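Thank you all for making time this morning. I would like to walk through a handful of local features in one model, and I will ask you to keep the structure on screen while I talk.

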Amino acid sequence: MAVRIRHAGRYREIAMALMRHGFGYMVEEMGLFHVLSLPVRWSSKEQPETITLGERIRRVLEDLGPAFVKLGQLASTRSDLLPDHIIQELVKLQERVPPFPSASARELIEQEWGMPIDDVLSEFEDKPLAAASIGQVHAGRLKSGELVAIKVQRPGVARMIGRDLEILRDLISIAERHWEWVKQYRVDRIVDEFARAMMAELDYSHEARNAEKIASRMTEQEFVHIPRIYWDYTSSKVLMMEYAEGITLSRRQEIVAKGHDLKAIAEHLTDGMLQQIFIEGFFHADPHPGNLLVREDGKLVFLDFGLVGHLSEDMKDHLSGLIIALMRRNSEGMIRAISRMGLIPDDCDMDALRSDMDRLREEYYDVPFAQVRIGKALTDLFAVAQRHRIMLPPDMTLLGKSLLTLEGVIEMLDPSLSIIDMAEPFGRKLLKKRYNTRRISRKVLDGVAGLAESLLDLPGQARQLSALISKGKLRVEISVPELKTLMRKLDQISNRLSFSIVLLAFSIIMVGLIIGSSLSREPMMIWSFPVIEVGFIVALLMVAWLLYAIFKSGRF
């Protein structure tokens, strides 16, 4: 509630944006009308247009500004979580934000550097080279004469994103109380994941480390260049790097006019990305044409390392297993690989999943291997995962998005180039590495060492267990599906048994009374009450009820 009071104005903006684009029912059902004291007449302002759900979501995000736009852009990479028709709308999100005044940029730079800007730079371009939701880039020249690019964070953006994320988490906690699907799809977990990614992008030193990490692993790739980072002038809010001059890959005609070989550029780009993905396991996750330059000497320059993906050794193993299963058209192998990569929910319909895998396999059955689009194949696979609520690691979905983007760029440069053909040698390396005897020996040794450590820990763990038992602190939780139903049945059985025993005891007493009465030749009366007759009626009623209960249950 404190959050809602503190940010009441922003809550109102969000509620209005939702209502404007046809989500007024959500505002009403979540009780925001009452909490925010919104005029009831606003509830009738739902947009009557017949537009798709994805388009309405995109419009809401655009109306709510940079933080939500960035959130939507991150969500567009998760084809395992969202259906394709929504992804197609989210990828259209553009950061249409005007640049902020250069005076603010200068002020923030001086604040971060702790010195006047003129002490470091001989030139500073007030007109930014590019502007985005989080920051903008200015050109400059060091006093040593080197050209540099300075990325400056938008003033107040961290506070604004922090506030919007806080509100978003609160809205999800409200939504969880109203709609079961919010809990079922673990929306809170998804938002937390996106929030971590956004906070990482807000820290420019994180981006600088990513750039250096990729550069250090691409030293043997002579045709690729990663701009140098100037750490003395880099902080969480300001990033200084070498100025890269060249033509972006989106300007195809200019590249051709300069005499560059498009086929060679496409091969260099593919080779560089496959090296990052399959060999290094650390890759640029947003290789769209605007983030790639061709220099005068033909070298390819990668820009913007805010979004990167990481594949662990195990994940690379699972990926190779998936590709092998795809190549062999083995549905069971594909399911096994997905199972190792992600988390198949307990209530997953395995028959339906197997059926979807068979359908996917058939889709690629007659397609020549050289014509298979690996990015699309992975995206199709993620769509199956999304249908069955399988949570895949975020880096794996980033990989699918990167390969899909790469395929689009390659198609623009040289449609005849097959990424799958170029990936074949990398796949062989991966397989060779996977089944390398030294690696297998190391894994076996690691496993044996882990087992030995566990065995050595056993006495200590046994002592701890013994201490807990002796103190009566051992708690055992047993979860059995349909336990309540089982307990109810047991209660019914025990009640009937008790009733039967009572009836038997009553009958024995009655028989005793009848025998006593016949021996004394006098009717059995207590306080003028005919005990035997009344007892007989009671016993008859009890027998009738017992027979009725047994016949009603249908089990006799």
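Let me begin with D304, which at 32% relative accessibility counts as partly exposed, because that value falls between the 20% limit for buried and the 50% limit for exposed. Please bear in mind that this is a predicted model. D304 sits in the loop that connects β10, residues 300-302, with β11, residues 308-310, and although D304 is not a glycine, its phi is positive, at about 60°. As background, most residues other than glycine have a negative phi.

Turning to helix α12, which covers residues 204-216, what span should its 13 residues give at 1.5 Å a residue? The expected value is 18 Å, and the end C-alpha atoms of α12 are 18 Å apart, so the two agree. On the side of burial, the buried residues of this helix are Y204, S205, E207, A208, N210, A211 and I214.

K213 belongs to the same stretch of numbering, within residues 204-216, and the charged end of K213 is placed over the ring of F282, at 4.3 Å from the ring centre. A second such arrangement involves R56, which lies over the face of F23 at 4.9 Å from the centre of that ring. As for rings paired with rings, the structure holds 1 aromatic pair.

Finally, on the surface, M487, L490, I493 and L497 make up a nonpolar patch of about 390 Å², and one of these residues, I493, lies in helix α22, which runs over residues 483-520.

Terms used. Residues are numbered from 1 along each chain as its sequence is written. This is a predicted model: local features need pLDDT of at least 70, side-chain atom pairs count only at pLDDT 80 or more; totals for chains, interfaces and linings use all residues. Side-chain values use heavy atoms; hydrogens and water are left out. Rings of Phe, Tyr and Trp (its six-membered ring) pair if their centres lie within 6.5 Å; planes under 30 degrees apart count as stacked, over 60 as edge-to-face and the rest as tilted. A charge sits over a ring if NZ of Lys or CZ of Arg is within 6 Å of the ring centre and within 35 degrees of the ring normal. Helices (H or I, at least four residues) and strands (E, at least two) are DSSP runs, numbered from the N terminus. The expected span of a helix is 1.5 Å times one less than its number of residues. Buried means under 20% relative accessible area, exposed over 50%, partly exposed in between (1.4 Å probe, protein chains only). Patches are made of residues with over 30% relative accessible area and no salt bridge: like charges are joined within 9 Å, nonpolar side chains (Val, Leu, Ile, Met, Phe, Trp, Tyr) within 5 Å. Accessible areas come from the Shrake-Rupley method with a 1.4 Å probe; for residues, only the protein chains shown count as cover. A salt bridge is a side-chain nitrogen of Lys or Arg within 4 Å of a carboxyl oxygen of Asp or Glu.
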